[in-house]
Amino acid sequence: MTDRAKIAINAFKEQIDGAVSAYLSSCVHCGLCAHACLFFNETGDPRYTPIHKLEPLRRVWWSEYTLFGKLALLVGLAPKVTEELLAEWQELTYNACSLCGRCSMVCPVGNDIAGMIRKQREGMVAAGYSPDGLKGASTRAVKIGSPMGVTWKAVAAQIGHVENDTGLQIPVDKDGADYLVLMSSMEIMNYPEYLEAIARIFSEAGVSWTLSSQAFEATNSGIQIGSSDIARELVSRIVAAAEKLGVKTVISPECGHAYTALRWDGPNLIGRPYKFKARHILEVLDELRAAGKLKTEGFEEERMTFHDPCQLVRRGGVLEQPRRLVKMVVKDFVDMPEAGKMNWCCGAGGGVSAIEEAGELKLTAFNAKKRQLEAVKPDKLITACANCRIQLEEGLEENNMDIPVIGLTELLAEHLVETGKAEG
Amino acid sequence: MTTVAFLDFVRGPLFQIAVAIFFAGLFIRFVEILVLGRKTDFSEPRQSGTGAGFKTVFSRSVPEAGTFKRSAFTIIAGYVFHIGLFVALVFLAPHIALVRDTTGLSWPNLPTPVVDFATVAAIGALVAILVNRMRDKVLRFLTGFEDYVAWTATFLPLLTGYMAFHHLLLRYELMLALHILSVELLLVVFPFTKLMHTFTLFLSRWYTGSAFGRKGVQS
């Protein structure tokens with residue numbers, strides 16, 4: 001056995017727990033997961049059947065953790081995990097899976113297939129079988145502090161713009177603030193509206209908040225490439241900054257994987273509970289709404305729908321908050337078929353957007369979203385994930401569909417009742 | 001060996017051996033899974049995962065609406081087969097008698113026509129499932145040797161049981177012996193193949209249901 005294969009096998013073994021073992025014992029090859037997967041549905045390629053994407057992990061489980069498998073391994077009859085196998089499965093593990101988790105919701109025996117693909121990525125990346133795009137993003141995240149290579153300088157420049165435009169002061173490194181606001185590099189680079197919206201809404205609500213020059217980036221390339229070591233390093237920076245400032249809550253921006261990384265994976269990566277709460281911006285906004293601190297005026301004239309980011313709704317439990325918030329400012333709101341818990345992925349989550357070779361596949365996968373949109377024909381599409389937003393914009397353009405995409409926080413800010421604007 | 005001697009051997013020592021392998025196998029498989037355990041989750045839960053976990057154990061038996069539309073055949077044939085097999089296995093008078101004789105436990109049987117109908121439905125569903133497996137693009141691609149072993153080991157007891165009960169084809173004692181032999185084959189391969197899903201699916205549903213539940217997602 002080669003060294004790389006050995007590294008992968010050892011990393012897989014670390015990932016196999018009771019749940020994985022129960023899952024792999026239970027699969028009867030019924031094929032239902034294929035039809036839940038947008039990569040299979042839109043291409044018709046059976047290799048994209050979710051459970052099939054787990055063949056390397058399954059082989060290690062069988063030959064290391066079952067009696068028959070161990071015997072087969074002893075006499076050399078167990079199917080082997082080779083470099084060729086890993087190389088072939090790289091595409092299936094990364095390009096053709098956005099970790100959207102629809103498969104995990106439909107499996108009749110209850111297997112969390114997407115969760116296992118996330119685990120399989122640990123072995124793939126350890127042995128070097130991960131896409132260059134994700135490797136680059138992870139390296140930049142660790143070395144520069146952001147997967148897109150954004151530095152604090154860029155954030156500071158954006159702060160300057162927002163302060164000029166709004167007349168508000170953006171708090172930075174403020175000790176003892178209630179909320180620490182994080183951003184995704186996509187928001188820093190492409191959607192400066194987000195920071196402005198936050199500044200205006202929080203100012204109006206009288207919320208005590210701050211940015212941190214030590215931890216401004218929320219996205220976690222470690223989660224996407226599947227390296228716990230990288231993910232731990234990135235989340236530790238946020239934890240250190242938050243606990244040093246003594247904030248009560250850290251807010252994940254409009255980004256799906258950032259939320260999963262911060263809210264659900266982070267404490268397990270550092271091996272202890274946080275000393276603060278972790279919330280998505282929509283959860284915070286909904287709390288402000290409930291407390292009467294988020295007041296809006298006027299309604300959108302157009303017909304609008306909401307794209308649920310997978311990591312928020314299916315893998316994160318943020319389902320009702322966006323709908324309550326949207327209804328504050330949109331009268332003609334319509335949900336797409338299968339919206340909510342079973343919403344179709346945009347096609348580029350889970351790191352797919354960073355994989356150059358997946359460019360064509362992710363646009364094919366977008367056809368699932370296209371059909372959903374065609375069913376309700378909205379004038380505008382709202383979402384709450386900058387990564388989804390980029391993919392949605394690209395897919396819509398590719399299909400000549402003239403539907404503008406907007407972030408929910410930004411939409412709310414457009415309708416904000418502003419009383420104390422005199423500050424600047 | 002006479003037919004009667006063959007029958008005695010099959011339902012005597014051979015049956016005991018098969019049952020022993022079956023239970024030992026189940027024990028080993030459960031230990032293999034459970035010793036691996038699961039790491040403590042340090043994230044702040046939205047709610048306890050326990051209730052959601054229990055709910056998922058049951059709710060996964062009901063297909064999600066979109067999935068039902070996309071995979072209606074697999075789901076309906078699956079239901080027919082599982083219910084038919086369950087009725088034949090648990091409510092046929094001779095099966096209850098066997099359990100009563102060995103354990104003292106007993107319950108009312110269902111009338112023969114009902115069990116007959118269930119058995120034929122299960123056999124029909126299994127044949128349809130096999131045909132579908134061979135012609136459907138995804139299923140043909142996924143299917144391996146073990147899937148056919150599992151199918152055969154399940155099919156034979158149903159077929160031979162039906163034929164023995166109705167005295168078809170062979171002399172009753174011989175068909176009964178073949179039926180018991182096929183059950184023994186099933187018992188022996190059961191713990192070491194995906195037939196284990198019969199039991200492990202409850203673990204799987206629990207693991208997923210509770211993990212999703214603490215995130216506030218009823219899965």
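Begin by selecting S252(A), which stands opposite H280(A) of strand 4 of chain A; strands and helices are DSSP runs numbered from the N terminus, with at least two residues (E) for a strand and at least four (H or I) for a helix. This is a predicted model, in which local features need pLDDT of at least 70 and side-chain atom pairs pLDDT 80 or more, while totals for chains, interfaces and linings use all residues. Residues are numbered from 1 along each chain as its sequence is written, chains are lettered from A and ligands numbered from 1 in the order in which they are written, and side-chain values use heavy atoms, leaving out hydrogens and water.

Widen the selection to strand 3 (residues 249–252) and strand 4 (residues 277–280) of chain A, which pair in the parallel sense over 4 bridges; pairing requires that DSSP find at least two bridges between two strands. Within strand 4 of chain A, A278(A) is the bridge partner of V250(A).

Display the whole sheet next. It is an open sheet of 4 strands in chain A, ordered 2-1-3-4, with parallel pairing. Strand 2 (209–210) and strand 4 of chain A are at its edges with a single partner strand each, so one side of each has no neighbour in the sheet. Helix 17 (residues 281–290) of chain A packs on this sheet and touches strand 1 (179–181), strand 3 and strand 4 of chain A; contact means heavy atoms within 4.5 Å. The direction of helix 17 of chain A makes about 90° with that of strand 4 of chain A, angles running from 0 to 180 degrees between N-to-C directions of axes, which are lines fitted to C-alpha atoms, for helices over the stretch in contact.

Move on to the second sheet of chain A, also in view. Here 3 strands form an open sheet in the order 5-6-7, with parallel pairing. Strand 5 (304–307) and strand 7 (405–407) of chain A are the edge strands, each pairing on one side only. Select strand 5 and strand 6 (residues 380–383) of chain A to see a parallel pairing over 4 bridges; T383(A) in strand 6 of chain A is the bridge partner of H307(A). Add helix 22 (residues 386–398) of chain A, which lies across strand 5, strand 6 and strand 7 of chain A and runs at about 170° to strand 7 of chain A.

Now switch to chain B, which has 10 helices and 0 strands. Its C-alpha atoms fill a box of roughly 70 × 35 × 35 Å along the principal axes.

Select helix 4 (residues 72–91) and helix 6 (residues 112–135) of chain B: they pack at an angle of about 140°, with axes 8 Å apart. Residues making the contact include F73(B), F81(B) and F91(B) of helix 4 of chain B and V115(B), L126(B) and N132(B) of helix 6 of chain B.

Finish with the aromatic rings, of which the whole structure has 11 pairs over all chains; rings of Phe, Tyr and Trp (its six-membered ring) pair if their centres lie within 6.5 Å, and planes under 30 degrees apart count as stacked, over 60 as edge-to-face and the rest as tilted. The ring centres of F22(B) and F190(B) are 5.2 Å apart and their planes at 70°, so this pair is edge-to-face.
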